[in-house]
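Reader: I've just opened this structure and I'm not sure how to read it. Could you walk me through it, one feature at a time?

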Amino acid sequence: MNLGLILDKLPGRTSSKPASSVQSWIPVEDIDQYHMLRRDKWYVSAIRVYPKNIDLLSKREIFNLVQNFGEVANGLPTHYQFFCVGRPVDLDGYIAHLEQLKANTKDVIRKKILTSQIREAAETAISGEALETLFFMLFASKNKTELLEQVKQILIDMKNKDLNGYILDHKELMDMNFVFTHPVQAAFERMPEETRDYIPPQLLNPERMKLNG
């Protein structure tokens, strides 16, 4: 599902002329702790929902899970959207582990097997074939304080119904946008660990660009 389309369809968005640059096309003006600010001055917050494999559940557990989700969904505010996006799995740790095993073994045949596995894992990572699906719920409001309190309560209601998730902070909101705006790079790159004062150029408003030089 298209994140730009979701953000555009959330309440408050109005039609405009086609943008001439990526900076103008992205509807996000700024990203701060636990919320994004759109260009139309609406605030957007997000909850990442952890999926459950219903194949591992009994029929009764599946029924309860669906019922619990329905109860939570019925209590959601009017202005919300579901957003699902696939992100390539980060295989760097796995590859590093294989390389360490290879360095520590003296068995020639074992080294050849590990070399083949390392090559296969690297090719999979670069191709983006190994994907994980991320599930988000986006909420919009003109009032930032009310939005954040509302999202906190929704998360509490979810956990009371055994539906796990968490509210996206500054870095995770940026990572969500990064996966959408840089799908190829997301296969082998991750957002920097220290991102409190960093936002990619296409998500950075002019005032903040001046502050960051």
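Author: Sure, let's begin with a pair of facing residues: tyrosine 80 stands opposite phenylalanine 139 in strand E5. Strands and helices here are DSSP runs, numbered from the N terminus, with at least two residues for a strand (E) and at least four for a helix (H or I). Two strands pair if DSSP finds at least two bridges between them. Strand E4 (residues 80-88) and E5 run antiparallel and are joined by nine bridges.

Reader: Before going on, what kind of model is this, and how are the residues numbered?

Author: This is a predicted model, with residues numbered from 1 along each chain as its sequence is written, and side-chain values use heavy atoms, leaving out hydrogens and water. Local features need pLDDT of at least 70 and side-chain atom pairs count only at pLDDT 80 or more, while totals for chains, interfaces and linings use all residues.

Reader: And how do I read pLDDT? Which elements have the lowest and the highest mean?

Author: pLDDT is the predictor's confidence in each residue, from 0 to 100. The protein averages 78, and 73% of the residues score at least 70. Strand E6 (residues 165-167) has the highest mean among the elements, 93, and helix H8 (residues 206-211) the lowest, 51. Over residues 195-206, pLDDT stays under 50. Where pLDDT is low, the predicted coordinates should not be read in detail.

Reader: Okay. How many helices and strands are there?

Author: Eight helices and six strands. Starting at the N terminus, the order is α-α-β-β-β-α-β-α-α-β-α-β-α-α.

Reader: Which other strand pairs with E5?

Author: Strand E3 (residues 43-49) does: E3 and E5 (residues 131-141) run antiparallel, with seven bridges between them. In that pairing, valine 49 stands opposite phenylalanine 135.

Reader: Back to phenylalanine 139: is it buried or exposed?

Author: Buried means under 20% relative accessible area, exposed means over 50%, and partly exposed is in between (1.4 Å probe, protein chains only). Phenylalanine 139 has a relative accessible area of 0%, so it counts as buried.

Reader: What does phenylalanine 139 touch?

Author: A contact means heavy atoms within 4.5 Å. Not counting residues up to four places away in sequence, phenylalanine 139 touches a list that includes Tyr43, Ile47, Leu76, Tyr80 and Ile154. Sequence distance can mislead you here: phenylalanine 139 and threonine 78 are 61 residues apart in sequence, yet 8.8 Å apart in space, C-alpha to C-alpha.

Reader: How do I find a nonpolar core, and how many residues does the largest one have?

Author: Look for buried Ala, Val, Leu, Ile, Met, Phe, Trp, Tyr and Cys residues joined through side-chain atoms within 4.5 Å. The largest core has 18 residues, and Met36, Phe136, Leu138, Leu173 and Met176 have the most contacts inside it. Strand E1 (28-32), E3, E4, E5 and H7 each give two or more residues to this core. A second, separate core of 15 residues includes Tyr43, Ile47, Phe139 and Leu155.

Reader: What is there to see around E1?

Author: E1 is mostly covered, with four of its five residues buried. E1 runs antiparallel to strand E2 (residues 35-38), and four bridges join them. Here valine 28 stands opposite arginine 38 in E2.

Reader: What about the phi of tyrosine 34, in the loop between those two strands?

Author: Most residues other than glycine have a negative phi, and most peptide bonds are trans. Tyrosine 34 has a positive phi of about 70° although it is not a glycine. At a relative accessible area of 37%, tyrosine 34 is partly exposed. Aspartate 162 also has a positive phi, about 65°, and is found in the loop between helix H6 (144-160) and E6.

Reader: Last one: where does a side chain of a buried residue lie by a backbone oxygen?

Author: Try asparagine 177, in helix H7 (residues 170-181). Asparagine 177 counts as buried because its relative accessibility is 2%. A polar contact is a pair of N or O atoms within 3.5 Å; within protein, one must be able to donate a hydrogen and the other to accept it, and residues adjacent in sequence count only if both atoms are side-chain atoms. A polar atom of the side chain of asparagine 177 lies 2.8 Å from the backbone oxygen of leucine 173.
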